[in-house]
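Here are some exercises to work through with the model open beside you. Try each task by yourself, then compare your steps with the solution.

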Amino acid sequence: MPWIWMGKGGYGKGYGKGKGRGKGRIMGTPDVKVWVGGLSPEVKWKDLQTHMDQAGKSSWVEVFSGKNAGTGAVVFKTAEEAANAVATLNGSLLGGQPIIVDKWVPAPKEDAGVGEVPP
């Protein structure tokens, strides 16, 4: 059978669609998110979800790895549930060690000076 060009992307499988919504994107406003620290390496996202659901229904849970290992993020349905999680679960035990639960603080955006070379 002769070789036939089928176009870029492998037989029209949709490669390249959906850009901008990659894996690991934590969606929601900062008031419904909480940051979790002090996680043991054995804690998986499902363990964290089960623990955090004591304060309210979570809609997204992620345990970070790499340079952010030992931390995670949880998104709740409402700001009240997120505030309840901070108030009730901070200092609670998960995976045999106390965890830190705090409100989500977005990283400041550094728009000024982007791409500029200092004199």
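Contact here means heavy atoms within 4.5 Å. The model is a predicted one, in which local features need pLDDT of at least 70 and side-chain atom pairs count only at pLDDT 80 or more, while totals for chains, interfaces and linings use all residues. Residues are numbered from 1 along each chain as its sequence is written, and side-chain values use heavy atoms, with hydrogens and water left out.

**Exercise 1. Work out the order of helices and strands along the chain.**

Step 1. Start with the terms: helices (H or I, at least four residues) and strands (E, at least two) are DSSP runs, numbered from the N terminus.
Step 2. Tally the elements, and you get 2 helices and 6 strands.
Step 3. Walk along the sequence to read off β-α-β-β-α-β-β-β.

**Exercise 2. Decide whether S40 is buried or exposed, and find what it touches.**

Step 1. Set the scale: buried means under 20% relative accessible area, exposed over 50%, and partly exposed in between (1.4 Å probe, protein chains only).
Step 2. Locate S40 in the loop between strand 1 and helix 1.
Step 3. Its relative accessibility is 5%, so S40 counts as buried.
Step 4. Skip the neighbours within four places in sequence, and S40 is in contact with G95 and Q97.
Step 5. For the chain as a whole, buried residues make up 26% of the 119 residues.

**Exercise 3. Find which strands pair with strand 3, and how they run.**

Step 1. Two strands pair if DSSP finds at least two bridges between them.
Step 2. Strand 1 is joined to strand 3 by 5 bridges, and the two run antiparallel. Within this pair, V36 stands opposite G72.
Step 3. Strand 2 also has 5 bridges to strand 3, again antiparallel. Here S58 has F76 as its bridge partner.
Step 4. Now look at cover: 6 of the 6 residues of strand 3 are buried.
Step 5. In a regular strand the side chains alternate between the two faces of the sheet. In strand 3, T71, A73 and V75 point one way, and G72, V74 and F76 point the other way.

**Exercise 4. Identify the largest nonpolar core and the elements that supply it.**

Step 1. A nonpolar core is a set of buried Ala, Val, Leu, Ile, Met, Phe, Trp, Tyr and Cys residues joined through side-chain atoms within 4.5 Å.
Step 2. The largest one has 16 residues, and those with the most contacts inside it are V34, V36, L39, L48, M52, V74 and F76.
Step 3. At least two core residues come from each of strand 1 (33–37), helix 1 (45–52), strand 3 (71–76) and helix 2 (79–89). Helix 2 gives the largest share, 3 residues.
Step 4. Zoom in on L48: apart from residues up to four places away in sequence, L48 touches V36, L39, V43, V61, E62, V63, V74 and L94.

**Exercise 5. Why do the buried residues of helix 2 line one face?**

Step 1. List the buried residues of helix 2: A82, A85 and L89.
Step 2. Look down the axis of helix 2: these residues fall within an arc of 70°, so they line one face. The arc is that of the directions from the helix axis to the C-beta atoms.
Step 3. An α-helix has 3.6 residues a turn, so residues three or four places apart point the same way.
Step 4. Turn to the face away from the buried side, which carries the exposed residues E80 and A87.
Step 5. See what the buried residues of helix 2 pack against: strand 1, helix 1, strand 3 and strand 6.
Step 6. Just after helix 2 comes G91, with a positive phi near 90°.

**Exercise 6. Describe the setting of T78.**

Step 1. T78 is found in the loop between strand 3 and helix 2.
Step 2. With a relative accessible area of 31%, T78 is partly exposed.
Step 3. A polar atom of the T78 side chain lies 3.2 Å from the backbone nitrogen of E81.
Step 4. Measure across to S59: T78 and S59 are 19 residues apart in sequence and 9.7 Å apart in space, C-alpha to C-alpha.

Key:
Polar contact = N/O pair within 3.5 Å; in protein donor to acceptor, adjacent residues only side chain to side chain.
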